[in-house]
Amino acid sequence: MKVYFDNAATTAMDDRVIEAMLPFMKNHYGNPSSVHSHGREVRTAIEKSRKKVAELLNTTPSEIFFTSGGTEADNTALVCGIETHGINHAISSPIEHHAVLHTLEVCEQKGHIQLSMLDVNDKGEVDLDQLEILLKANPNSLISLMHANNEIGNLNDLNRIGSLAKEYGAFFHSDTVQTMGHYVHDLKNLPVDAIVAGGHKFHGPKGSGFLYVRKDKKIHPFIHGGAQERNMRGGTENVIGIIGIAKALEIAYEDMSSHEVHVKALKKHFIEKLKADIPGVEFNGLSEDLDRSLYTVLNVSLPPSEANAGMLLFNLDLEGISASGGSACSSGATVGSHVLRALNHQPERDSVRFSFSRFNTIEEVDYTVGKLKELYAVEA
Ligand SMILES: Cc1ncc(COP(=O)(O)O)c(C=O)c1O
């Protein structure tokens with residue numbers, strides 16, 4: 001059996017997304033900036049995609065900018081948000097994705113900002129009281145806190161963070177890469193200034209993404225060149241990526257609640273079976289809590305085992321199961337997970353992130369837990 005439980009890394013493309021993209025590979029090859037008919041038909045398709053994304057997120061097309069993915073969208077929001085609004089202080093957390101952490105670190109190294117990191121507890125919960133204290137002391141701040149963590153699944157309360165941002169006049173960017181297409185983002189009511197998406201996390205194409213920036217918090221461009229994306233991102237558009245991400249988001253919104261019910265049931269069953277079959281199993285962060293974590297992510301911490309130490313992912317791979325690592329190891333060649341280190345996870349326990357999509361089945365969960373049971377029975 002082949003099982004793909006690494007959907008937080010990337011997802012399989014939906015056939016309907018591929019169908020929507022195909023004509024733009026075969027027939028509609030004009031450059032969208034050209035004024036002739038070949039160009040104009042592609043321009044129209046791009047603008048239809050932008051309108052679709054904006055409608056789904058309950059915002060206006062002028063606030064959506066297509067990018068090459070989540071990383072570029074994060075870089076743009078952070079670097080240009082700081083630059084445009086004369087921001088000299090940023091607040092983030094040690095469990096953000098590297099697309100955010102490394103970008104903010106570079107801004108700090110260049111002397112553009114002072115960077116404050118919020119404390120997180122052993123469950124990965126970010127200290128929002130500390131956020132308020134920092135905002136009081138530094139009124140012109142940028143806050144970057146993700147909607148959901150890609151490793152442990154913890155969900156942040158965007159409404160609470162956003163209302164603090166409003167109260168203290170801060171620019172609020174949230175990395176929504178892991179929640180876009182899985183949760184509703186109603187931008188008329190969600191108090192965020194910038195959010196981002198990567199199409200490949202919700203059955204769209206790799207190398208596609210978008211950035212939303214609120215109208216009254218406009219920022220300068222990150223990539224300079226032609227006038228594409230209304231002067232916000234130079235370079236000929238990734239037409240098939242744009243068509244694909246918009247279609248993928250449309251499909252995601254059409255069936256969001258039934259997908260959530262299906263995936264949540266898989267996760268619940270996975271947790272119950274692991275608890276029944278593997279003595280000493282634990283869950284990292286809040287991932288066991290179905291209400292406070294991403295329903296697509298389960299981060300499992302397994303009891304110390306000589307047979308599997310450092311080999312767990314390899315052993316699972318041999319059984320046809322693809323999942324992601326989460327070692328807290330910080331020495332030698334293994335860099336380990338900065339998220340698990342921030343949670344003080346014991347390095348002698350092996351951790352695996354299983355992440356799900358609507359294409360997964362209960363049989364795959366049972367097969368995987370069965371294999372884990374065999375792997376951990378060796379020493380019993
Ligand atoms: C939370 C988070 N932010 C950003 C990214 C980067 O997105 P992309 O691969 O589209 O550049 C990822 C992808 O792993 C992610 O999980």
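Let's start with one residue. Phe5 is buried, at a relative accessible area of 0%. Keep in mind that this is a predicted model.

What does the ring of Phe5 pair with? Its partner is Phe356. The two ring centres sit 5.2 Å apart, with the planes at 85 degrees, so this is an edge-to-face pair. Over 60 degrees is the cut-off for that label. In sequence, Phe5 and Phe356 are 351 residues apart. Phe5 belongs to the loop between strand E1 (3-4) and helix H1 (15-26). Phe356 belongs to the loop between strand E13 (350-355) and helix H12 (362-377). The pair therefore links distant parts of the chain, and Phe356 is buried as well, at 1%.

Now stay on Phe356. Its ring also pairs with Phe270. Here the centres are 5.7 Å apart and the planes stand at 45 degrees, so the pair counts as tilted. Phe270 comes from helix H9 (residues 256-277), 86 residues away from Phe356. Again, distant parts of the chain are linked. Phe270 is buried, with a relative accessible area of 0%.

Put those together. Ring pairs join Phe5, Phe270, Phe354 and Phe356 into a cluster. The structure has 6 aromatic pairs.

Next, the overall picture. The chain has 12 helices and 13 strands. How does its radius of gyration sit against the globule rule? For 380 residues, a compact globule would come out near 21 Å. The chain has 21 Å, which agrees. Along the principal axes, the C-alpha trace spans about 70 × 55 × 40 Å.

Which share of the residues is buried? Of the 380 residues in the chain, 55% are. Now take contacts with a separation of 6 or more. Residues 24 or more positions apart account for 72% of those. The Phe5 and Phe356 pair, at 351 residues apart, is a case of long sequence separation. As for the surface, the accessible area of the chain is about 16000 Å². Carbon and sulfur atoms hold 53% of that.

One spot on that surface. Met311, Phe314 and Leu318 form a nonpolar patch. Together they offer about 310 Å² of accessible area. Met311 is in the loop between strand E10 (297-302) and helix H10 (312-318). At a relative accessible area of 35%, Met311 is partly exposed.

Now a loop residue with a list of neighbours. His147 sits between strand E5 (141-144) and helix H6 (158-167), in the loop. Buried or exposed? His147 counts as buried, at 11% relative accessibility. The cut-off for that is under 20%. What does His147 touch, leaving aside neighbours within four places in sequence? Its contacts are Asn154, Leu155, Asn156, Leu158, Ser174, Asp175, Thr176, Thr179 and His185.

On to charges. Side chains of opposite charge can pair when their charged atoms come close. This structure holds 23 salt bridges. I'll go through three.

First on my list, Lys52 and Glu55. Their side chains meet at 3.8 Å, N to O. The cut-off is within 4 Å. Both residues lie in helix H2 (residues 37-56), 3 residues apart, which is about one turn of the helix. Lys52 is partly exposed at 26%. Glu55 is partly exposed too, at 49%.

Then Glu272 and Lys268. That salt bridge has an N to O distance of 3.3 Å. Being 4 residues apart in helix H9, the two are separated by about one helical turn. Glu272 is partly exposed, with a relative accessible area of 44%. For Lys268 the value is 44%, also partly exposed. Helix H9 is where Phe270 sits as well.

And then Glu288 and Lys275, at 2.5 Å, N to O. Where do the two partners lie? Glu288 is in the loop between strand E9 (282-283) and E10, while Lys275 is in helix H9, so the bridge ties together parts 13 residues apart in sequence. Glu288 counts as partly exposed at 33%. Lys275 does as well, at 47%.

Last item, a network. Salt bridges with shared partners join Arg43, Glu47, Arg50, Glu229 and Glu237 into one network.

To recap: a cluster of Phe5, Phe270, Phe354 and Phe356, a nonpolar surface patch of Met311, Phe314 and Leu318, and 23 salt bridges.

Terms used
Residues are numbered from 1 along each chain as its sequence is written. This is a predicted model: local features need pLDDT of at least 70, side-chain atom pairs count only at pLDDT 80 or more; totals for chains, interfaces and linings use all residues. Side-chain values use heavy atoms; hydrogens and water are left out. Rings of Phe, Tyr and Trp (its six-membered ring) pair if their centres lie within 6.5 Å; planes under 30 degrees apart count as stacked, over 60 as edge-to-face and the rest as tilted. Buried means under 20% relative accessible area, exposed over 50%, partly exposed in between (1.4 Å probe, protein chains only). Patches are made of residues with over 30% relative accessible area and no salt bridge: like charges are joined within 9 Å, nonpolar side chains (Val, Leu, Ile, Met, Phe, Trp, Tyr) within 5 Å. Accessible areas come from the Shrake-Rupley method with a 1.4 Å probe; for residues, only the protein chains shown count as cover. The radius of gyration is taken over C-alpha atoms; the globule rule is 2.2 Å times the number of residues to the power 0.38. Contact means heavy atoms within 4.5 Å.
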